[in-house]
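Here is a short, relaxed walk through one protein model. Keep the picture open while you read, and look up each residue as it comes along.

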Amino acid sequence: MTDKTNPFFNFDMTKMMAEFDPTKMMGNFSKNFGDMKIPGLDPQAMMEAQRKNIEALTNANKVALEGMQAIVRRQAEILQQTMEEVSATISQMAAGGTPQEAAAKQIEQVKAAFEKALGNARELAEMSAKSNSEAAAAINKRFTESMDEIRQTLLAIKK
């Protein structure tokens with residue numbers, strides 16, 4: 001009987017991610033390229049640039065994670081408020097009244113609930129956009145700095 005597993009999809013993602021260690025990567029980079037002698041190229045400066053790149057990515061990930069945590073906390077608050085409002089609404093509807101009064105109350109409650117849900121969705125979207133913008137700004141700042149560093153290195157080699 002032949003093995004029918006697909007060799008391209010038969011892997012353990014946790015093993016692959018365990019190998020991703022920025023400190024280990026910098027150590028390997030330093031070990032492999034630290035002794036390389038290229039005229040005008042400073043291996044220490046290259047390693048420092050890579051350290052800054054990894055630091056920028058780490059900070060961007062931290063900002064994104066904090067943003068997601070804030071969104072999850074706000075969603076929990078919204079859920080709690082919604083459950084309290086549903087409970088109050090059920091109590092009000094049980095109070096009685098004519099069918100016309102009950103229908104009018106229900107329409108007002110549905111309208112208020114819809115407007116509140118729309119406001120909550122807008123708030124969550126704004127929180128997400130702010131978090132994403134902050135993370136992207138951190139990466140963009142480091143990219144710009146990195147390009148300036150490369151330009152300065154290239155200009156120094158010409159001289």
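## How far to trust it

Among the elements of the protein chain, helix 4 has the highest mean pLDDT, at 89, while helix 1 (residues 13-18) has the lowest, at 55. You need those scores since this is a predicted model. Taken over the whole protein chain, the mean pLDDT is 80, and 73% of the residues reach 70 or more.

A word of caution goes with that: where pLDDT is low, the predicted coordinates should not be read in detail.

## Helix 3, a long run

Now find helix 3, which covers residues 43-94 and has 52 residues. Go from its first C-alpha to its last and you cover 76 Å, close to the 76 Å expected at 1.5 Å a residue. Just after helix 3 comes G96, which takes a positive phi of about 100°.

Which residues of helix 3 are buried? They are P43, M47, A49, A56, A60, G67, I71, R74 and I78. M46 also lies in helix 3, but M46 is partly exposed, because its relative accessible area of 30% falls between the 20% and 50% cut-offs. Try finding T153 from there: M46 and T153 are 107 residues apart in sequence, yet their C-alpha atoms are 9.8 Å apart in space.

## Salt bridges along helix 4

The model has eleven salt bridges in total. One of them joins K130 to E134, with the closest N and O atoms 3.6 Å apart. That counts as a salt bridge because the cut-off is 4 Å. Both residues lie in helix 4 (residues 99-158), and they sit four residues apart, about one turn of the helix. How open are the two partners? K130 is exposed, with 54% relative accessibility, and E134 is partly exposed at 37%.

A second pair repeats the spacing: K141 and E145 are both in helix 4, four residues apart, again about one turn of the helix. Their closest N and O atoms are 2.9 Å apart in the salt bridge they form. Here K141 is exposed at 53% relative accessibility, and E145 is partly exposed at 30%.

## A network of charges

Next, look at E149 and R142, which form a salt bridge with the closest N and O atoms 3.0 Å apart. Is R142 buried or exposed? R142 is buried, because its 6% relative accessibility is under the 20% cut-off. Its partner E149 is partly exposed, with a relative accessible area of 26%.

These pairs don't stand alone. K52, K141, R142, E145 and E149 are linked in a network of salt bridges. So if you click on K141 and E145 after looking at E149 and R142, you are still in that network, because salt bridges link these residues.

## A nonpolar patch on the surface

Let's finish with the nonpolar side of things. Which residues form a nonpolar patch on the surface? They are F143, M147, I150, L154 and I157, and together they have about 470 Å² of accessible area.

One of them, F143, is found in helix 4. At 48% relative accessibility, F143 counts as partly exposed, because over 50% would be needed for exposed.

Terms used
Residues are numbered from 1 along each chain as its sequence is written. This is a predicted model: local features need pLDDT of at least 70, side-chain atom pairs count only at pLDDT 80 or more; totals for chains, interfaces and linings use all residues. Side-chain values use heavy atoms; hydrogens and water are left out. A salt bridge is a side-chain nitrogen of Lys or Arg within 4 Å of a carboxyl oxygen of Asp or Glu. Helices (H or I, at least four residues) and strands (E, at least two) are DSSP runs, numbered from the N terminus. Buried means under 20% relative accessible area, exposed over 50%, partly exposed in between (1.4 Å probe, protein chains only). The expected span of a helix is 1.5 Å times one less than its number of residues. Patches are made of residues with over 30% relative accessible area and no salt bridge: like charges are joined within 9 Å, nonpolar side chains (Val, Leu, Ile, Met, Phe, Trp, Tyr) within 5 Å. Accessible areas come from the Shrake-Rupley method with a 1.4 Å probe; for residues, only the protein chains shown count as cover. pLDDT is the predictor's confidence in each residue, from 0 to 100.
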